[in-house]
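Colleague: Before we look at this together, could you explain how each label is earned, setting the value against its rule?

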Amino acid sequence: MISDELVNLSRLQFAVTALYHFLFVPLTLGMVWILVVMESVYVMTGKTIYKDMTRFWGKLFGINFALGVTTGITMEFQFGTNWAYYSHYVGDVFGAPLAIEGLMAFFLESTFIGLFFFAWDRLSKPKHLMVTLLMAIGTNLSAMWILIANGWMQNPVGAEFNYTTMRMELTDFSAMLFNPDAQAKFVHTVSAGYVTASTFVLAISAWYLLKGRNVEFAKRSFRIAAAFGLASALSVIVLGDESGYTVGEAQQTKMAAIEAMWETEPAPAPFNLVAIPNEKLQKNDWSIQVPWLMGLIGTRSVSKQIPGIHEIKEKNRLRVLSGIEAVKALEIVRNHPENSSAKQLFEEHKKDLGFGLLLKQYTNDFNHVTPEQIDKAVNSTVPKVAPMFWGFRIMVFIGFMLLSLFAISFWASLKTRCEKMPWLLKWAFLMFPMPWIACEFGWFVAEYGRQPWTIYGVLPTHLSVSTLSPTSLYGSIGGFVGFYTLLLIVEVYLMVKFARQGPASLGTGRYEGEAELTHARA
Amino acid sequence: MDYATLKIIWWLLVGVLLVGFAIMDGHDMGVGTLLPFVGKNDNERRVVINTVGPHWDGNQVWFITGGGAIFAAWPIVYATAFSGFYWAMLAVLWALFFRPVGFDYRSKINNATWRSTWDWGLFVGGAVPPLIFGVAFGNLLQGVPFGFDENLVSTYSGSFWQLLNPFALLTGVVSSAMITFHGGVYLSHRTEGVIQDRAIKASTIAAVVMMAAFTVAGVWLANNINGYVITSHIDPDQLANPLAKTVIREKGAWLANYHVMPWTMSLPVLGYAGALVALIALRLKKTLTAFVFSSLTIVGVIGTAGISMFPFIMPSSTMLSSSLTVWDSVSSKTTLGIMLVAAIIFVPTIVFYTSWAYRVMAGKVTLQFIKDHDHSAY
């Protein structure tokens, strides 16, 4: 049997490297569009200041992008290095969107980013804008394919288990493409990226305005960030992930945990604004409820019920029992493909095979499964409530704070008096880290909330790992943490250095602070 | 199209992507390997770096897409190779870490220690991956110690140090020298004067080393390394499960394909011929021609390794029937079909816009260019 230590270490390594990767991704996703907007204004008006804005913010974008690329390769390697059984079991389905991402999107983004930086004086203005636009499209298409892959992990549609090849196989590609879960995720995730980039530009511009440096440059940047940020923050919240929570069982389970909803409430269900969930007694010790709200958000209706944790577990118990039959029948079918009664039995229970596999964490003897083992398996099908409940609330709270920041900033920049509102500028500057915190919590809720599965209802996490020694994992985790810490220090150092220099770092001779820089260099 | 044909097409397509990776990302890596040696001072090194500056990122995607294509088309190969070669893969990965940051961060700070540290980072990022890929091929040719249980869970029973056996190190030299040669040819095309002279000299030496090592490896393979043969009946149309066959090891089995299909001898021949023509072209300063021929060398050398093993992809030395082959390691027919359509649409598109990007940036990178673009160049 696979040791818990190995599983936990593999999960830790994936979590660390994925969360680290997502420090850089959202900024990239949004910055590309801000660059497109700035450069479009340049092409339309011919004002050099917009070219300088594109180039300066592009410089900061480049510093961030380098680490996005670096840490992205890790993600692709890691499915193979650390999640070998996962890769075999679902590669037929999951591998396709990853490969297409490379072919359709990542090539586009990476080829044109080179021209974005180096072809300013080799391309006409419209052609360079086209390059920037293609880079932006590539970046966002890339996110789309990754989220189609991730959406499939949450709601595995269009695939079926094949006992000859012992893996899931694709049966309906368009079902995977148009998986409602993937669509909701794509819109939500890229919008979160746009919010992140808007906050980045807004906060740094606010800092220039506070210092009274390069005011014209900063004011224009501030305005673009405020407008783009407002639209994106609305999109994150309104078209938020919540719409996806009605789809599929994984999301229902997540929603029950996120809302600390132990019992199925009569529709429309109340919303737990704040609560203290008690995992042991499976209830909330204390809570403040808003009547009706949960039902309205979760189902967009007043009559549909949302299943509570206890109801979900009872349903899952039946699936675990059926899954045991599936595992036993599979054993027979694999060795005797001609045994038609076993084959029929397997077909009947096939959809619950994953729930049967959950038991492999506790036993290999499927003919003598004890009631305790079944209880354990059933209880494992719902993630711990408190981390989900609070993780989600932190993300949402930040979302609303950012929405109000952008709304006020947009209003202020329309009146073109943002530079005279130091409280707003200070607030904008202090909000700098917030979108990153929200993004990380968002991913935590999405992925921790899918446990105990890597593919919901299909493949348990503990079966997905590579058969490595824990020693190897300690070594590689150490290596990643060491490398990543070092790279983060270098990145932040450069980012701060160039953000402080501001547009003077372009060396155009048009901005304040350049004389000091040239002096220092000489 | 039937399943068997799709299986063959995907063997060829993975080959195309690997060769594409070696030609495109390979010339960046060769440039990275040569960087500390052909650039003697900061400005010379900036010239060298900026020959690949606008392109390395796009080129690296050949590698990422190659990985993705193996994941999608040969999932069990991806799973078994990446987890089995755990430390080798991490070494490649960590070496690659130095490239994006090395290129982008190096010239952002004007400090000699900072810059030379990143130069060596770019050297590691350029030199380590081709070496390890060569070593990996050497191990594939000998067979790798792994096996599957009945659920197809793979277990690797070797160690990292075992990968570094003499034959594999030799194929590592073939790969390193080939990529260095190719990078040097590219560098000679994009530079002038003293840097160009050094690049030509370096790639000449690398080409000679490559041809010598390739010859020794070939003789070694023919005489001392047992190949693998499938002994049970194989239905090329069958569903993919690697455990449904029997395999034996046999002396000279890796030469069998050359007897059955004599035209495949053209691959090793191309490996030599490409290098020789490229060397002559370099002499004549026909650098673009030299680049075309060093690319053909890569086709020849990688093709030789592939065709020697066909239909094997990753033979197992400890549990022979677990060996992974073109027939039983592939994805379902549906997935292969969809991926083929994607490849037919996008690979030509990629080639089209990549060549446009090279045309836009064409011309020699000079010391004057670096001086003029002090703020924006790498």
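Modeller: Let us begin with the strands, keeping in mind that this is a predicted model. Strand 3 of chain A and strand 4 (residues 283-290) of chain A pair in the antiparallel sense.

Colleague: What makes strand 3 of chain A and strand 4 of chain A count as a pair?

Modeller: Two strands pair if at least two bridges are found between them, and strand 3 of chain A and strand 4 of chain A have seven bridges, so the requirement is met. Within this pairing, Asn272(A) stands opposite Gln289(A), which belongs to strand 4 of chain A. The two strands form a hairpin with four residues between them, and there Gln282(A) takes a positive phi near 55°.

Colleague: How do you know that Glu259(A) and Arg393(A) form a salt bridge?

Modeller: The rule asks for a side-chain nitrogen of Lys or Arg within 4 Å of a carboxyl oxygen of Asp or Glu. In Glu259(A) and Arg393(A) the closest N and O atoms are 2.7 Å apart, so the pair qualifies as a salt bridge. Glu259(A) lies in the loop between helix 9 (248-258) and strand 3 (271-278) of chain A, while Arg393(A) lies in helix 15 (residues 385-414) of chain A, so the pair ties together parts that are 134 residues apart in sequence. Both Glu259(A) and Arg393(A) are buried, and Arg393(A) also lies over the face of Phe389(A), at 3.6 Å from the ring centre. In the whole structure, a search over all chains finds 27 salt bridges.

Colleague: Why is Glu314(A) called partly exposed?

Modeller: Buried means under 20% and exposed means over 50%; Glu314(A) has 45% relative accessibility, which falls in between, so Glu314(A) counts as partly exposed. Arg317(A), at 25% relative accessibility, is partly exposed by the same rule. Glu314(A) and Arg317(A) form a salt bridge, with the closest N and O atoms 3.5 Å apart. Both residues lie in helix 11 (residues 309-335) of chain A, three residues apart, which is about one turn of the helix.

Colleague: Why is Arg450(A) called buried?

Modeller: Arg450(A) has 4% relative accessibility, and the label buried needs a value under 20%, so Arg450(A) is buried. The side chain of Arg450(A) meets that of Glu447(A) in a salt bridge, at 2.8 Å from N to O.

Colleague: What makes the rings of Phe112(A) and Tyr353(B) a tilted pair?

Modeller: Two rings pair if their centres lie within 6.5 Å, and the centres of Phe112(A) and Tyr353(B) are 5.3 Å apart. Planes under 30 degrees apart count as stacked and planes over 60 as edge-to-face; the planes here are at 45°, so the pair is tilted. The pair crosses between chains, from helix 4 (residues 84-118) of chain A to helix 13 (residues 333-360) of chain B, and both Phe112(A) and Tyr353(B) are buried.

Colleague: How do you know that the pair of Phe480(A) and Phe97(B) joins two chains?

Modeller: Phe480(A) lies in helix 19 (residues 470-501) of chain A and Phe97(B) in helix 5 (residues 86-105) of chain B, so the pair joins two chains. The ring centres of Phe480(A) and Phe97(B) are 6.4 Å apart and the planes are at 55°, so this pair is tilted. Phe480(A) has a relative accessible area of 2% and is buried, and Phe97(B), with 1%, is buried too.

Note on methods:
Residues numbered from 1 in each chain as written. Chains lettered and ligands numbered in written order. Predicted model: local features only at pLDDT ≥ 70, side-chain atom pairs only at ≥ 80, totals over all residues. Heavy atoms only, no water. Buried < 20%, exposed > 50% of the residue type's maximum accessible area, 1.4 Å probe, protein only. Phe/Tyr/Trp six-rings, centres within 6.5 Å; stacked < 30°, edge-to-face > 60°. Lys NZ or Arg CZ within 6 Å of the ring centre and 35° of its normal.
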